[in-house]
Each structure stands twice: as structure tokens, then as C-alpha cells.
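Let's take a walk through a protein together, starting with one pair of neighbours and widening the view from there. Keep the picture beside you and look for each part as we reach it.

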Amino acid sequence: MAKTKLTILLFVILFPVVHLPVQSTVGDKSFVVVIDPGHGGKDYGAIGSASNEKSINLAVSLLVGDYIKKAYPDVTVMYTRKTDVFIELDQRSEIANKAKADLFISIHTNANRSKTPYGTETYTLGLARSDENLEVAKRENAVILLEDDYERKYEGFDPNSSESYIIFEFMQNKFVEQSIFLASKIQSEFTNSSKRHNRGVKQAGFLVLRTTGMPSVLIELGFISNKAEEKYLSSKAGQQQLAKSIVKAFGQYKADYDRKSGMSAQEQVPTADNDSAVTSTRSGNETSGQVIYKVQILSANKKLSTNAPELKGYKADYYVEKGLYKYTFGESSDFDEIVKIRKSLIKDFKDAFIIQFKDGVKIINK
Ligand SMILES: [Zn+2]
């Protein structure tokens with residue numbers, strides 16, 4: 001019996017099979033961004049003298065999505081709404097969670113009792129440090145009062161009571177750093193590219209951000225209650241400018257994300273393996289025409305040493321594709337067997353997926 005097969009067998013024996021949903025994904029999952037135009041339908045949001053929040057939010061959101069699709073064709077763009085419909089708050093984060101989104105951007109327009117305030121703000125989830133920020137969260141969260149059964153759904157949360165907001169004090173959000181990073185990029189672009197007044201990156205208890213399992217921000221594009229700003233917000237040129245700024249910031253966030261996850265295809269790559277040719281470097285067990293399954297466990301933009309911590313002690317093989325070193329573990333011509341191997345790997349590599357090779361070349365689809 002070949003040594004690799006023996007290792008596979010040992011793994012199957014040593015690691016009990018856990019029943020996890022099996023996905024035979026081929027290729028890497030693309031970056032998913034969910035854009036959330038605030039309000040909609042019966043919920044108008046803030047109302048100005050000649051415009052309303054829900055329409056401004058939707059117009060800017062659709063532009064943001066269009067620009068992202070054009071500039072980053074590999075990114076999957078999703079919306080919580082694309083038309084003038086009412087979407088409950090908890091459904092918005094659910095859409096993002098179900099899609100396993102990498103980023104959630106909620107887009108809103110501000111309002112104040114005074115006609116004076118103007119400018120942009122970007123929020124991340126947290127406890128408001130000023131009454132002014134708390135007021136913004138209260139106004140945005142008040143939309144739940146339009147939902148049936150909101151007391152049960154939001155566990156007695158009263159959007160108008162300051163006491164309710166104490167829950168955000170003890171909120172541990174592991175995405176806070178990335179969220180603030182994006183928020184600050186957005187605010188910089190609003191200032192530098194769109195020449196808007198910068199009111200800063202802020203924290204407040206927004207229900208819509210509370211249950212999203214990914215970095216998330218809530219943008220307040222400007223004040224509909226300020227005459228000059230309302231005019232800008234409802235103009236096509238203003239909306240395009242704001243959307244462009246958000247997409248520029250998104251681009252910087254995405255570049256940082258790619259760099260950190262070692263997924264940047266722009267990275268300079270060693271020349272040993274050619275970009276276009278996908279070679280299985282160390283698999284000698286294939287006979288001509290036979291399909292061999294492997295489990296891909298991670299990608300890196302450089303070759304890892306055999307004892308690299310990323311490999312968690314596994315003696316992994318690799319192949320090179322589009323400048324990335326893609327590490328695999330296990331190989332078999334038996335699909336059921338590779339499914340078992342993948343299951344055993346999930347505890348160490350939660351995104352492990354099955355790929356297939358024919359004559360040493362990776363093939364797509366079944
Ligand atoms: Zn709003």
C-alpha cells in the first residue's frame with residue numbers, strides 16, 4: 001500500500017467522523033459584501049423638506065454595489081433590499097449571516113431637530129460615548145417599533161430608553177478593529193474625495209450591527225435636516241460622489257484583507273511554477289486519466305516551511321495557482337474517502353474543501 005494511502009487510513013481511524021454538512025466546493029469562496037440600504041417601504045426614515053431618507057439610502061447603496069461590481073468583479077455584492085420595500089431589522093443581519101458575508105455596510109441619512117448640523121459620520125457597534133451619538137442610534141433603532149412582535153424579537157429592547165443601551169457596554173465584538181479600520185477609511189474618503197465635513201468615526205448601539213457575524217459599519221451620509229446638505233444628498237452628482245468615496249474605502253479595506261489572508265494575486269510570486277499552469281507538485285500516485293481528490297486546507301502567497309504554524313503539524317502537499325501556494329492534505333480516488341478526510345480536517349481547518357485533479361491538473365466542477 002502506498003505510504004500516502006496508509007496515512008489517509010490512519011487519519012480516518014484516528015479521527016472520529018463528525019457529522020458536519022458536507023460541501024464539495026471547488027475553488028476559493030469569493031469575498032461577499034452585503035449592502036444594507038436603511039429603511040424602505042412604510043418606513044421612510046428621516047424626512048426632509050423635499051426628500052426622504054429611504055430613497056437617498058437606496059440610491060447611494062445601488063451605486064455602491066454597481067461601482068464595486070465594476071471595480072472588483074471577483075467580489076460578490078448582495079443587498080438587503082434593492083427596491084422600496086420594508087425589511088425588518090433582524091432580517092437584515094440574517095441575510096448577511098446566511099450569506100456568510102465578509103463585510104456588512106449599512107447606509108443611512110442623518111437628521112437633527114436643529115437645521116444647523118451637517119456632515120458625515122460612520123459608526124461601528126459599541127456604547128455611545130455622547131448623548132448626540134446615542135440620539136442617532138435611538139432614531140435608527142426606532143424602526144423596530146414598526147415591526148410586529150418587536151418586544152419578543154428584540155427581547156424587550158426599548159429603542160427610546162437610554163437604559164436599554166447598557167447591553168452594548170458588555171458587547172464583545174471581535175470584529176471591532178476591522179470595522180473601525182473601514183469606518184476611518186470611509187470618513188477619510190468622504191473628506192478627501194467628496195469634500196464633505198467629517199464628523200468622525202463613532203460608536204453607538206445600533207441593533208442592525210449587533211447580530212452581524214462579520215465586520216460591519218453604519219454610515220450616516222449627511223443631514224437631511226440641513227437645507228444645503230439635503231440638496232446635495234438628493235442630487236445625482238452628490239449620490240455618485242458619496243458612493244465613489246465608499247467604494248474607494250472598500251478597495252483599501254479589501255486590499256488589506258487580501259494581504260492579511262495571503263490571498264492577493266498581485267503579490268510577486270516565485271517563478272518556479274508558472275502562473276497559468278496548475279501543477280500538482282508532489283503527487284506521484286496518479287495513473288493517467290484518473291481523478292484524484294484532495295482536500296485544500298489553506299492558501300498562502302509564499303511557500304511555507306514544513307513546520308509552519310499555519311499547517312498545524314499536518315504534512316501537507318501544495319500546488320501553485322495564480323501565484324498562490326495552495327496547501328492540500330490527503331488524496332484519494334474515492335470520493336467517499338475524501339469526504340471522510342475532509343470531515344476529520346474541519347476541526348483544524350474550518351474552510352477545508354475538496355478539489356480534484358486529473359493527470360496532475362486541477363479540474364473544475366464534477
Ligand atoms: Zn436611518
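Begin with helix 8 (residues 227-234) and helix 9 (residues 236-260), whose axes lie 4 Å apart and pack at an angle of about 80 degrees. Helix 8 is therefore roughly perpendicular to helix 9. Where do the two helices meet? Helix 8 brings Tyr232, Leu233 and Ser234 to the contact, while helix 9 offers Lys236, Gly238, Gln239, Gln241 and Leu242. Sorted by class, this contact holds three nonpolar, four polar and one charged residues. What you are looking at is a predicted model.

Now follow helix 8 in another direction. Helix 8 also lies across strand 3 and strand 6, and its direction makes about 120 degrees with strand 6. These strands bring us to a sheet. An open sheet is built from six strands in the order 2-1-3-6-4-5, with mixed pairing. At its edges you will find strand 2 (76-79) and strand 5 (198-204), each of which pairs on one side only. On average, neighbouring strands here are turned by 20 degrees against each other, if direction is ignored.

What holds such neighbours together? In general, the strands of a sheet pair through backbone hydrogen bonds, in either a parallel or an antiparallel way. Strand 4 (residues 120-125) and strand 6 (residues 216-223) give you an antiparallel example, joined by three bridges. To find one of the partners, look for Tyr123, which is matched with Leu218 in strand 6. Helix 3 (residues 89-98) packs on this sheet too, touching strand 1 (32-37), strand 2 and strand 3 (103-110). The direction of helix 3 makes about 170 degrees with that of strand 1.

Next, zoom in on a single residue, Arg139, in helix 4 (residues 131-141). Is Arg139 buried, partly exposed or exposed? Its relative accessibility is 25%, so Arg139 counts as partly exposed. Leaving aside residues up to four places away in sequence, Arg139 touches Ala46, Glu53, Thr109, Asn110, Ala111 and Glu220. Pro159 is 20 residues from Arg139 along the chain, yet their C-alpha atoms are separated by 7.9 Å.

Finally, step back to the whole chain. It has ten helices and twelve strands, and 51% of its 366 residues are buried. Among contacts between residues at least 6 apart in sequence, 78% join residues at least 24 apart. The accessible surface comes to about 18,100 Å², with 54% of that belonging to carbon and sulfur atoms.

Notes. Residues are numbered from 1 along each chain as its sequence is written. This is a predicted model: local features need pLDDT of at least 70, side-chain atom pairs count only at pLDDT 80 or more; totals for chains, interfaces and linings use all residues. Side-chain values use heavy atoms; hydrogens and water are left out. Axes are lines fitted to C-alpha atoms, for helices over the stretch in contact, and angles run from 0 to 180 degrees between N-to-C directions. Angles under 35 degrees count as roughly parallel, over 145 as roughly antiparallel, 65 to 115 as roughly perpendicular and the rest as oblique. Contact means heavy atoms within 4.5 Å. Ala, Val, Leu, Ile, Met, Phe, Trp, Tyr, Cys and Pro count as nonpolar, Asp, Glu, Lys and Arg as charged, and the others, Gly among them, as polar. Buried means under 20% relative accessible area, exposed over 50%, partly exposed in between (1.4 Å probe, protein chains only). Accessible areas come from the Shrake-Rupley method with a 1.4 Å probe; for residues, only the protein chains shown count as cover. Two strands pair if DSSP finds at least two bridges between them.
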